Amino acid sequence: QVQLVESGGGLVQAGGSLRLSCAASGRTGSMSYMGWFRQAPGKEREFVASVLLSAGRTDYADSVKGRFTVSRDNAKNAVYLQMNSLEREDTAVYYCAAQNYGSISYNYWGQGTQVTVSS
């Protein structure tokens, strides 16, 4: 029903920036929230940021507050994650996710894009 494809990952030095993109297709009208999650080697997947598609309200994990910014472009069915002041601890596979209206959990997931931060 909804397909998500992430892009924009890569290798960056600590202190640098990357912008991740997530393109949604399919029945995008059913989506309420979109979010970003990440999973580092040997660790569980963790929440990074989310955006309420209708109003643009955002939430962030404490570890990325002040450094990352999530935004959406509803006309393009896309969400973005601007990552600044990257740290080695930010190295992970980043996943885009979407939540249907009325749902309390995320329903759709992308395949992920690798972000590697070097010192």
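**A walk through the sheet, one buried alanine and an aromatic cluster**

Let's start with strand β8, residues 78-83, which is mostly covered, since five of its six residues are buried. Buried here means under 20% relative accessible area, exposed means over 50%, and partly exposed is in between, with a 1.4 Å probe and protein chains only. Strands are DSSP runs of E with at least two residues, numbered from the N terminus.

Quick housekeeping before we go on. This is a predicted model, where local features need pLDDT of at least 70 and side-chain atom pairs count only at pLDDT 80 or more, while totals for chains, interfaces and linings use all residues. Residues are numbered from 1 along each chain as its sequence is written, and side-chain values use heavy atoms, with hydrogens and water left out.

Okay, the sheet. Strands in a sheet pair through backbone hydrogen bonds, either parallel or antiparallel. Here, four strands make an open sheet in the order β1-β3-β8-β7, with antiparallel pairing; two strands pair if DSSP finds at least two bridges between them. At the edges are β1 and β7 (68-73), each pairing on one side only. From one strand to the next, the twist averages 15 degrees, using axes that are lines fitted to C-alpha atoms, with angles from 0 to 180 degrees between N-to-C directions.

Let's go across it. β1 meets β3 (residues 18-26) over six antiparallel bridges. Val2 has Gly26 as its bridge partner in β3, and Gln3 stands opposite Ser25. So what does each face of β1 carry? Val2, Leu4 and Glu6 are on the covered face, and Gln3, Val5 and Ser7 are on the uncovered one.

Next door, β3 and β8 are antiparallel as well, over six bridges, and Ala23 is matched with Ala78 in β8. Then β7 pairs with β8, antiparallel over six bridges, with Arg72 partnered by Val79. The hairpin of β7 and β8 has four residues between the strands, and Asn77 there takes a positive phi near 50 degrees.

Just ahead of β1 (2-7) is Gln1, which counts as exposed at 55% relative accessibility. Gln1 touches Ser25, Gly26, Arg27 and Tyr108, leaving aside neighbours within four places in sequence; contact means heavy atoms within 4.5 Å. The side chains of Gln1 and Tyr108 share a polar contact of 3.5 Å. That term covers a pair of N or O atoms within 3.5 Å, where within protein one must be able to donate a hydrogen and the other to accept it, and residues adjacent in sequence count only if both atoms are side-chain atoms.

Now for Ala49, in strand β5 (residues 46-52). Is Ala49 buried or exposed? Buried, at 0% relative accessibility. Beyond neighbours within four places in sequence, its contacts include Trp36, Tyr60 and Leu81.

Last stop, the aromatics. Phe37, Phe47, Tyr106 and Trp109 form one aromatic cluster. Rings of Phe, Tyr and Trp (its six-membered ring) pair if their centres lie within 6.5 Å, and planes under 30 degrees apart are stacked, over 60 edge-to-face, and the rest tilted. That rule gives four aromatic pairs. Why is the pair of Tyr106 and Trp109 called tilted? Because the planes are at 55 degrees, with the ring centres 6.2 Å apart. Trp109 itself is partly exposed, at 33%.

And Arg45 lies over the face of Trp109, 4.7 Å from the ring centre, while its charged end sits over the ring of Tyr95, 3.9 Å from the centre. For that, NZ of Lys or CZ of Arg must be within 6 Å of the ring centre and within 35 degrees of the ring normal.
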